[in-house]
Amino acid sequence: MSSRFDRWSVVTITTAVALLLTACERENRRFSENPPTAAPTASALVVSQLQPGPAVVEPKIEAPYDDNAWAVSEGKALFNAMNCSGCHFQGGGGIGPALMDEEWIYGSDPQQIFASIAEGRPNGMPAWKYKLGTQQIWELVSYVRSLSSLNPKGARGGRDDHMMVKPPEASTPQTKPKMASTPPGDD
Amino acid sequence: MGVASSIMGSALASCSGPQNVLDPAGPPNRSINHLFWTMLVVAAIIWVAVVGAALWAALSRRRRTREDLEPIVDAPNEEQRRHVGIVTSLVGATVVTLLFFLVYDFTVGRALAERPSRSLTIELIGHQWWWEVRYIDPDPSKLLVDANELHIPAGEPVQVKLKSRDVIHSFWVPNIIGKRDLIPGYTSSLFLHADKPGVYRAQCAEFCGLEHAKMALPVIVHSRADFAAWLAEARSPAAEPNDSSAKEGKKVFLAGACSSCHALTGVEAYGTIGPDLTHIASRKTIAAGTLPNTRGNLGGWIVDPQSIKPGARMPSNQLAAKDLRNLIDYLETLK
């Protein structure tokens, strides 16, 4: 009886420790990476799914900070500091398009969001590549993805530092990204 | 012998230096020092006397006699009366010594608390992890915003108003005055009174996060005339570059990420996240006293601040080699 209990407690403790170890990377502060990944080249970016000939498999670039809670929170700080919220508000959209819905005009893949921030987009999105470093843009990419819960839940923010205007990213339901049917400015 | 002389040597060496409470550079710290040394000497004499008496008592124990084992009688004998007299007078001496210290301490405290009616006012604002210094003038157009170096005139008290932008910091120039906290949402104040021109070192003395240890502030005490000249010079706008590389560097500064966080007086750079760089080339150190201000250190700091001061708000800047060279050329003209 007691040996059986011991075996179960060993299993429980081992599982708990293993689970704890998986969380070790969550808050890991990655200060200096030169650069985390090179900026995506134009050839890696596919904005439209329309193309001549057979479908081409495009190389996928993983967002380096999607699973890093600290970097996502840095991205959130930058989102307000660089006045992204001036147009996109807290993700709900206003002057600029919403970032927390399932519609993506220029794609939801990390390298597509990176290009939208770095290079800018027509109808008002400025190019930020001269004002922000690669690492900072990747932090913003992961925060923008967390707005519609496209990154792992453990890395998404649980609460704001100030009064909350919407449910925290960690409790936002995951959306299924789809390309917007109408290009901006056509309605 | 060698050990003793090396200990003596290091003890003497610790009595001077740019960050040393035992090397006072102004009247308030000098009076604190007198108090400290008086207390130390008096306490040392008392300690030696007490330990000596204890040793004497322990070593010179009389052989026990039959008399000792007899019960204590109510009427004290001659010897016991003498003991009572010794204890009473020593208790009296203790009270007198403590009273002397109390009065002396109050006197020093009163001298420190005196406030001059008119003085130069400087605002010192703590940031994670650097110092913003604002020289206040009744004429608002003469406000000078500087960073990471505190300049004061010698021979007069200067009011320093202490504020914080983020967390609690603490301002401490050991040679001039004791610590005072910089508290967010609250303005505290102290008076710096130095009479010895020189360069001293202040250090954040309240743990304020990752780079607390690299949050130093050189305090430069000028003679009065030198200070007036420095103030006039520091109020001038950023120097216009003359050579072509510095001109290119200015473009890099303004178009690039630098101007998002750093300000230059007279140039279209208004950032307030990082230190003002109008006279960066005149500063002796960069990154809040972390590195000497040399061309190599400046370049290394711009490209990869995170390996020098991990966690600092300044991000790594991947600049093309030519842009970086031009940018440093420009920064070196900002005297």
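What share of the contacts in chain A with a separation of 6 or more is accounted for by residues 24 or more positions apart? The share is 69%, and that figure is a useful one to carry into this tour of a predicted model.

**Chain A as a whole**

Begin by selecting chain A and colouring it by secondary structure, which brings out five helices and two strands. If you follow the chain along its sequence, these elements appear in the pattern α-α-α-β-α-α-β. Of the 187 residues in chain A, 27% count as buried.

**Helix α5 of chain A**

Next select residues 134-147 of chain A, which make up helix α5. This helix has 14 residues and spans 20 Å from its first C-alpha to its last, close to the 20 Å expected at 1.5 Å a residue. Is α5(A) mostly covered or mostly uncovered? It is mostly covered, since 14 of its 14 residues are buried. Just after the helix, stop at S149(A), where phi takes a positive value of about 55°.

Keep α5(A) on screen and add helix α2, residues 69-81 of chain A; the two axes come within 7 Å and cross at roughly 95°. Angles of 65 to 115 degrees count as roughly perpendicular, and α2(A) and α5(A) are therefore roughly perpendicular to each other. To see the contact itself, show the side chains of A71(A), V72(A), E74(A), G75(A), K76(A), L78(A) and F79(A) on α2(A), together with Q136(A), E139(A), L140(A), S142(A), Y143(A) and S146(A) on α5(A). Coloured by class, the contact of α2(A) with α5(A) comprises six nonpolar, four polar and three charged residues.

**Two loop residues of chain A**

Most residues other than glycine have a negative phi, and the next two stops depart from that pattern. Select F89(A), in the loop between α3 (85-88) and β1 (103-104) of chain A, where phi is near 55°. With 17 C-beta neighbours inside 10 Å, F89(A) counts as partly exposed. Then move to N123(A), in the loop between α4 (110-119) and α5 of chain A, whose phi is near 65° and likewise positive. N123(A) is exposed, having 11 other C-beta atoms within 10 Å.

**Crossing to chain B**

Now display both chains and select the residues where they touch: 13 residues of chain B are in contact with eleven residues of chain A. On the chain B side, these residues divide into four nonpolar, eight polar and one charged.

**One sheet of chain B**

Within chain B, select the five strands that form an open sheet of mixed pairing in the order β3-β2-β1-β5-β8. At its edges are β3 (144-147) and β8 (188-193) of chain B, each of which pairs on one side only, and from one strand to the next the twist averages 25°.

Zoom in on β1, residues 121-127, and β2, residues 130-136, of chain B, which pair in the antiparallel sense over seven bridges. These strands form a hairpin with two residues between them, and one bridge to find is that of I125(B) with E132(B) in β2(B). In the loop between β1 and β2 of chain B lies W129(B), which is joined to Q128(B) by a cis peptide bond with omega of about 0°.

Then add β5, residues 157-164 of chain B, which pairs with β1(B) in the parallel sense over six bridges. Here T121(B) has Q159(B) as its bridge partner in β5(B), while G126(B) stands opposite S164(B) in β5(B).

**Another sheet of chain B**

For the last stop, select the five strands of chain B that form an open sheet, again of mixed pairing, in the order β4-β10-β9-β6-β7. The edge strands are β4 (150-153) and β7 (177-182) of chain B, each with a single partner strand, so one side of each is left without a neighbour in the sheet. The twist averages 25° from one strand to the next.

At the β7(B) edge, look for the four bridges that join it to β6, residues 169-173 of chain B, with the two strands running antiparallel; H169(B) has L182(B) in β7(B) as its bridge partner. To finish, select helix α4, residues 224-234 of chain B, which lies across β4 and β10 (216-222) of chain B and runs at about 135° to β4(B).

Methods: Residues numbered from 1 in each chain as written. Chains lettered and ligands numbered in written order. Predicted model: local features only at pLDDT ≥ 70, side-chain atom pairs only at ≥ 80, totals over all residues. Pairing = 2+ DSSP bridges. Contact = placed C-beta atoms within 7 Å. Nonpolar A, V, L, I, M, F, W, Y, C, P; charged D, E, K, R; others polar. Expected span 1.5 Å × (residues − 1). Buried ≥ 20, exposed ≤ 12 C-beta atoms within 10 Å, placed from the backbone. Axes fitted to C-alpha atoms, helices over the stretch in contact; angles between N-to-C directions. Parallel < 35°, antiparallel > 145°, perpendicular 65-115°, else oblique.
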